[in-house]
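Student: I would like to go through this structure slowly and see how each descriptive label is earned from a value. Could we start as soon as the model is on the screen?

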Amino acid sequence: MEQVRIGIVAGEASGDLLASHLVAALKARLPQAQFEGIGGPKMIAAGVRSLFPMETLAVRGYVEALRSLPAILRIRRKLTRYFLAAPPDLFIGVDAPDFNLGLARTLKAAGIPTFQYVGPSVWAWRGGRLRKIRRAVSHMLLLFPFEPPIYDAAGIPATYVGHPLADMLPLHPDRAAAREALHLPQEGEMVALLPGSRRSELALMGDLFVQTAQQIHRLRPGVSFLVPLVTRETRDLFEAALARQQAQDLPLRILFGHAHQAMTAANVVLVASGTATLEAALLKRPMVITYRVPALTYALMWPRRYLPYVGLPNVLAGRFLVPELLQTDATPDNLAQAVCNLLAAPRLCAALEAHFMRMHLLLRQGNAEKVADTLVRHLEARRPATMKAREAEGCPS
């Protein structure tokens with residue numbers, strides 16, 4: 001196949017990881033393919049030329065997005081002009097629907113095939129977005145098995161490709177090996193604390209997680225804690241929360257990264273809602289899910305929900321498989337009691353692990369290969385038409 005140019009945009013760390021695996025799978029089939037758009041360090045390392053910093057797009061919630069809106073819209077206008085002036089063979093939006101769907105609509109109208117990798121949460125709220133998606137997207141690439149019927153009913157071509165984390169993470173995590181790798185004792189109860197990867201999340205939940213750890217320690221003095229954090233900034237914010245709560249004496253260890261090892265080593269995970277909840281499930285770890293957002297963001301978002309749960313393990317199960325304590329219910333006492341209930345219930349934890357194994361097998365589909373297959377088939381199907389158009393313009397094929 002002749003040289004291919006692919007536009008691709010991810011808006012935060014999880015999308016950067018997804019896109020990097022996709023780019024690698026496509027390059028294995030199309031070694032001369034060029035990728036450009038917006039990406040983070042993993043995409044750049046995989047060979048994507050990032051035209052703007054991905055961090056500008058990494059915001060969550062209505063109130064937070066408003067602060068960054070002028071910069072985000074400015075980037076989208078510039079990127080739109082760039083792709084219209086030099087049209088790629090196709091465009092892939094990776095998650096970040098608020099940014100990518102607006103861009104994709106203009107590109108699709110200009111005749112550029114547009115793919116959205118990771119569907120917006122139309123199954124949770126904002127189902128009216130399906131009309132916007134139909135105008136913007138040529139084909140959806142979906143991570144969860146319950147999604148394709150929703151898009152099929154709306155007349156939007158879609159393919160279930162599984163979740164890349166299900167391919168990356170082992171079916172049988174080894175707790176002993178994880179503890180050995182982290183130089184931890186093999187015996188004793190451990191709780192992994194994952195308060196989020198963004199500064200805004202630490203600002204809202206750092207003290208809550210520290211207070212919860214203090215309460216757990218009072219209820220079960222033998223418990224120790226692991227806190228994997230991604231950046232120096234988030235570590236500083238968590239250490240400031242420890243100081244405010246006078247909790248420096250907690251049996252707690254902060255890690256730079258190593259989130260998967262920390263969760264594998266732990267008996268129970270206390271986790272902020274997001275992709276980390278799915279990671280915990282795939283690592284077969286009992287968990288308590290929590291989240292807090294600014295009061296105005298919550299007031300705007302919560303009435304628009306379709307489902308009574310937000311954590312991905314519960315969404316996939318279609319019921320409250322693990323506890324969720326959100327917003328005003330997210331108190332140190334409530335969270336500590338929920339964690340201690342799991343620590344004291346080995347039979348329940350074993351049943352959860354069996355549920356998570358079934359979930360893992362359902363999501364393990366060879367994700368990157370499936371996505372690459374879908375995109376390459378599309379490029380090959382379009383190739384004759386593209387060559388004819390170039391010949392008509394007097395261009396070499």
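Student: What makes the span of α4 close to the one expected at 1.5 Å a residue?

Tutor: In this predicted model, α4 has 13 residues and reaches 17 Å from its first C-alpha to its last, which is set against an expected 18 Å. Because the expected span is 1.5 Å times one less than the number of residues, the two values can be put side by side, and they are close. The buried residues of α4 are P97, F99, N100, L101, L103, A104 and L107.

Student: What is found on either side of α4?

Tutor: A96 is placed in the loop between β4 (90-94) and α4 (97-109), and it has a positive phi of about 40° although it is not a glycine. After α4 comes G111, whose phi is also positive, near 90°.

Student: Why are α4 and α5 called oblique to each other?

Tutor: The axes of α4 and helix α5 (residues 129-136) cross at roughly 45° and come within 7 Å. Angles under 35 degrees count as roughly parallel and those from 65 to 115 as roughly perpendicular; an angle of roughly 45° belongs to neither group, and therefore α4 and α5 are oblique. On the α4 side the contact involves P97, D98, L101, A104, R105 and K108, which meet R129, K132, I133, R134, R135 and A136 in α5. Sorted by class, these residues comprise seven charged, five nonpolar and no polar.

Student: How do you know that α9 and α10 are roughly parallel?

Tutor: Helix α9 (residues 199-219) and helix α10 (residues 232-244) pack with their axes 9 Å apart, at an angle of about 30°. Since angles under 35 degrees count as roughly parallel, that is the description given to α9 and α10. Their crossing is right-handed. In the contact, R199, L202, G206, D207, F209 and V210 of α9 meet E233, T234, L237, F238, A241, L242 and R244 of α10, and by class there are seven nonpolar, two polar and four charged residues.

Student: Why is α12 described as roughly perpendicular to α16?

Tutor: The axes of helix α12 (residues 275-282) and helix α16 (residues 346-363) come within 8 Å and cross at roughly 110°. Angles of 65 to 115 degrees count as roughly perpendicular, so α12 is given that description relative to α16. L278, A281 and L282 of α12 make the contact with F356, M359, H360 and L363 of α16; six of these residues are nonpolar, one is polar and none is charged.

Student: What makes P286 count as buried?

Tutor: P286 lies in the loop between α12 and β12 (287-291). Its relative accessibility is 1%, and because buried means under 20%, P286 counts as buried. Leaving out residues up to four places away in sequence, P286 touches N267, V268, V269, L342, C349, L352, E353 and F356.

Student: How do you know that Q327 is buried?

Tutor: Q327 has a relative accessible area of 12%, and since the cut-off for buried is under 20%, Q327 is buried. Q327 is found in the loop between β13 (324-326) and α15 (332-343), and its phi is positive, about 50°, although it is not a glycine.

Terms used
Residues numbered from 1 in each chain as written. Predicted model: local features only at pLDDT ≥ 70, side-chain atom pairs only at ≥ 80, totals over all residues. Heavy atoms only, no water. Axes fitted to C-alpha atoms, helices over the stretch in contact; angles between N-to-C directions. Helix = DSSP H or I, 4+ residues; strand = E, 2+ residues; numbered from the N terminus. Parallel < 35°, antiparallel > 145°, perpendicular 65-115°, else oblique. Contact = heavy atoms within 4.5 Å. Nonpolar A, V, L, I, M, F, W, Y, C, P; charged D, E, K, R; others polar. Buried < 20%, exposed > 50% of the residue type's maximum accessible area, 1.4 Å probe, protein only. Left-handed = near helix turned anticlockwise from the far one by under 90°.
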